[in-house]
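User: I'd like to learn how to read a few features off a model. Could you walk me through them, one at a time?

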Amino acid sequence: GRLEKVKGYSQLINSFVYVLQSIPSATLNFVGSGSELENLKTLAHNLGIANNVNFLGAQTNPYSYISKCDICVQTSLTEGFMNVLIESGFCRVPVISTACKTGPKEIISGEFEQEVTNMKICKYGILVPKFSSDEAAEESKRKLLAQAMIYLAKNKNLQIQLGEALNRRSQDFSLKKYSEQINLLVSRFI
């Protein structure tokens, strides 16, 4: 992903401190580049977790990285369509995402969800409350995100279940499905 403020990665790094208290061997990998790279590296260093946080740079093939992960976590403050959720689904990697205004709720729950105020295990992944741009006011949400990461990391059966479900859900956004829908739409007008 783009390493930009709108992606909420500083919230993820702050949350990861709590994950490491429970799972000291955990690692957090960022695939992408952007203007926040140095700030995020500094944050990880200042929090004393730099050895557990990896910045892998922009990659042409995200699948080779995603497929090696146990969990994909998305913390965007706002989004349109979250490609990484579908990419994770194709790799059968379960996801945790903030329930920002558009995108994740529809993909992960399969329907439009109202405000998410707690960790919510949905049909295709886990939703947590969205962050705001005010990082200082977000400590309880950081802890909740950490709880979701710890819960999923320690529950291998749920990882498999959500990974398989998201894989099936991702097929709804495949080129084949898109082409079928376009052909169906066109056939209605011919």
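User: Let's start with accessibility. Does Gln74 count as buried or exposed?

Analyst: First, bear in mind that this is a predicted model. The general idea with accessibility is a cut-off: buried means under 20% relative accessible area. Gln74 has 6% relative accessibility, so it counts as buried. You'll find Gln74 in strand β3, and its side chain makes a polar contact of 3.3 Å with the side chain of Ser76.

User: Okay, salt bridges next. How many does the structure hold?

Analyst: Here you look for a side-chain nitrogen of Lys or Arg within 4 Å of a carboxyl oxygen of Asp or Glu. The structure holds five of them. One of these joins Lys7 and Glu79, with 2.5 Å from N to O. This pair links distant parts of the chain, 72 residues apart: Lys7 sits in the segment before α1, and Glu79 in the loop between β3 and α4.

User: And how do the two partners sit with respect to solvent? Is Lys7 buried or exposed?

Analyst: Lys7 is buried, at a relative accessible area of 10%. Glu79 is buried as well, with 18%.

User: What about Arg92: which residue does it form a salt bridge with?

Analyst: Its partner is Glu164, and the closest N and O atoms are 3.1 Å apart. Arg92 lies in the loop between α4 and β4 (95–98) while Glu164 belongs to helix α7, so this bridge ties together parts that are 72 residues apart in sequence. For accessibility, Arg92 is partly exposed at 43%, and Glu164 is partly exposed at 32%.

User: Where do Glu139 and Arg142 lie?

Analyst: Both are in helix α6, three residues apart, which is about one turn of the helix. They form a salt bridge too, with the closest N and O atoms 2.8 Å apart. The two ends get different labels, since Glu139 is partly exposed at 29% while Arg142 is buried at 7%.

User: Now cysteines. How many disulfides does a search of the whole structure find?

Analyst: The test is simple: two cysteine sulfur atoms within 2.5 Å. The search finds zero disulfides. Take Cys69, where the nearest cysteine sulfur, in Cys72, is 7.2 Å away. Cys69 is partly exposed, with 29% relative accessibility.

User: Why is Cys91 too far from Cys69 for a bond?

Analyst: Because its sulfur is 8.9 Å from the one in Cys69, and that is the closest cysteine sulfur to Cys91. Cys91 is buried, at 18% relative accessible area.

User: Last one: pockets. How much space lies in the largest pocket?

Analyst: With a pocket, I'd read the volume, then the lining, then the chemistry. The largest pocket has about 1,100 Å³ of space. Its lining is made up of 40 residues, and Asn29, Cys69, Ile71, Cys72 and Val73 lie nearest the centre. Elements giving two or more residues to that lining include α1 (9–22), β1 (28–30), β3 (72–74) and α7 (156–170).

User: Which element gives the most to the lining of the largest pocket?

Analyst: That's α1, with four residues.

User: And what does the lining of the largest pocket have by class?

Analyst: Count the residues in each class: there are 25 nonpolar, eight polar and seven charged residues in the lining.

Terms used:
Residues are numbered from 1 along each chain as its sequence is written. This is a predicted model: local features need pLDDT of at least 70, side-chain atom pairs count only at pLDDT 80 or more; totals for chains, interfaces and linings use all residues. Side-chain values use heavy atoms; hydrogens and water are left out. On a 1 Å grid over the protein atoms alone, a cavity is a set of points where a 1.4 Å probe fits but cannot get out, and a pocket is an open set with protein on both sides within 12 Å along at least five of seven lines; lining residues have an atom within 4 Å of a point. Grid points are joined across faces, edges and corners, and a volume is the space filled by probe spheres set on the points. Ala, Val, Leu, Ile, Met, Phe, Trp, Tyr, Cys and Pro count as nonpolar, Asp, Glu, Lys and Arg as charged, and the others, Gly among them, as polar. Buried means under 20% relative accessible area, exposed over 50%, partly exposed in between (1.4 Å probe, protein chains only). A polar contact is a pair of N or O atoms within 3.5 Å; within protein, one must be able to donate a hydrogen and the other to accept it, and residues adjacent in sequence count only if both atoms are side-chain atoms.
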